[in-house]
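Hi,

Here is the structure I promised to pass on to you. Please have a look at it first; my notes on what turned up follow below.

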Amino acid sequence: MFAKNMVELGQKRSTIREIFEYGKKRAAEIGAENVYDFSIGNPSVPAPDCVRRAVISVLDTEGPVSAHSYTSAQGDYGVRAAMAEDLNSRFGTHFHADNFYMTVGAAAALSCCFKALSEPGDEFIAIAPFFPEYQCFVEKGAGARLVVAEADTAAFQINFERLEAAITPHTKAVIINSPNNPSGAVYSVKTIQTLAALLTEKSAAFGRPIFLISDEPYRELVYGGVRVPFITKYYKNTLVCYSYSKSLSLPGERIGYVLVPDELEDAKTAYAAICGAGRSLGYVNAPSLFQRVAAACAGQTADLAVYEKNRDLLYEGLVSLGFSCVKPEGAFYIFPRSLEPDASAFCLRARKYDLLLVPGDDFGCPGHVRISYCVPTSRIEQALELFKRLAQEY
Ligand code: PLP
């Protein structure tokens, strides 16, 4: 009577959500101060004041009818022009309003891209470790197949041998996410150039483009002066999926965009397909008030300094306890090797200390655990003692 795959999807929470819900239950039992929940990527710093000011200003200047009205399906023209201006001023690009399609966060941006590109038999390649929801968006949402290229666990850049082996005549697009959830790696210029060369060669061999979908919700969350290469400059057939969830600490407000550059092959048709995908998924338009807020705050960020402090504290603490991990350069996750081969068993053992960690298996990278450090610094200071006791068990 009901769609079997949707029932399954609705009944089975993601592992991250499962652990997050366990944490809430446990907090009710023993007090939130005794649960060290490192499971979910909810920003811990407040939205910057420009958000509050923009909300008030939109309500005051536009009034309560216009501020909450439907916008064009692709988003308000002035908002999209502001998105273009922001990127052009920061990255030296030449985008214009009609390159942008405003979305309900990066999740919707990705879903629209997958649906817009999918034809029967198509495959999308995710590079491990990857955001587990890609599986749901590609397979359940767009009816295509997700193929995983195994990780380069030495540096969490790209293992090109494995990526090349994963590319077939069915490959429609490769998905990248840098700064990366869960590893915190930022792809270097060399990695991006090598990737662009590989995709250009394969596209020529197949006589059609292999697209690159660049999922960038953490673009501004980088540390130690690291720069994130702007991908459309390296590979023209790139669709960018962006979100203000992390940079402006607005995850619940659901605002982001798809960027379709003019250089993309048959860009106008691609843009139409993305509008069609958004329409078929019933998005209508991205949240009206927060489109205006994003335009007013484009290029600004919440105060992200605490994430860098947390990264340093956790990285140094874990390494001194004997954990092996790649130092993250961005996002707010660290992805050490688990202290036993089975990461799920390790995470269960960590629960004894009320340390809530996520096994790497769902990210396509067994033997690792994800620790989200978007928490107050004092929580990390306290948790390191528990990590020490956990490590002493091995
Ligand atoms: N992509 C990655 C890699 C993420 O980590 C997330 C959220 O955590 C998303 C996409 C979805 O972000 P949004 O809140 O903008 O839908």
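The second largest pocket has a lining that divides into four nonpolar, four polar and seven charged residues. Please keep in mind that this is a predicted model. The space in this second largest pocket comes to about 420 Å³. Of the 15 residues that line the second largest pocket, Leu-9, Lys-12, Ser-14, Glu-133 and Cys-136 are the closest to its centre. Two elements, H1 and H6, give two or more residues to this lining, and H6 gives the most, with five.

Now to the largest pocket, with a volume of about 770 Å³. Its lining takes in 29 residues, and those nearest the centre are Arg-17, Ala-107, Phe-131, Glu-133 and Lys-246. By class, 16 of the lining residues are nonpolar, seven polar and six charged. At least two residues each come from helix H2 (15-30), helix H5 (105-117) and helix H6 (133-141), with H6 supplying the largest share, four residues.

As for enclosed space, the whole structure holds four cavities of 30 Å³ or more. The largest cavity has about 40 Å³ of space, and its lining consists of six nonpolar, two polar and one charged residues. Among them are Ile-176, Tyr-187 and Glu-216.

One last spot is on the surface: Met-1, Phe-2 and Val-7 make a nonpolar patch of about 420 Å². Phe-2 sits in the segment before helix H1 (4-11) and is exposed, because its relative accessible area is 66%, where exposed means over 50%.

Enjoy exploring, and write back with any questions!

Best wishes

Terms used. Residues numbered from 1 in each chain as written. Predicted model: local features only at pLDDT ≥ 70, side-chain atom pairs only at ≥ 80, totals over all residues. Heavy atoms only, no water. Patch = residues over 30% accessible without salt bridge, like charges linked within 9 Å, V, L, I, M, F, W, Y side chains within 5 Å. Areas by Shrake-Rupley, 256 points an atom, 1.4 Å probe, with all protein chains shown as cover. Salt bridge = Lys/Arg side-chain N within 4 Å of Asp/Glu carboxyl O. Buried < 20%, exposed > 50% of the residue type's maximum accessible area, 1.4 Å probe, protein only. 1 Å grid on protein atoms, 1.4 Å probe; cavity = no way out; pocket = protein on both sides within 12 Å on 5 of 7 lines; lining within 4 Å. Points joined across faces, edges and corners; volume = space filled by probe spheres on them. Nonpolar A, V, L, I, M, F, W, Y, C, P; charged D, E, K, R; others polar.
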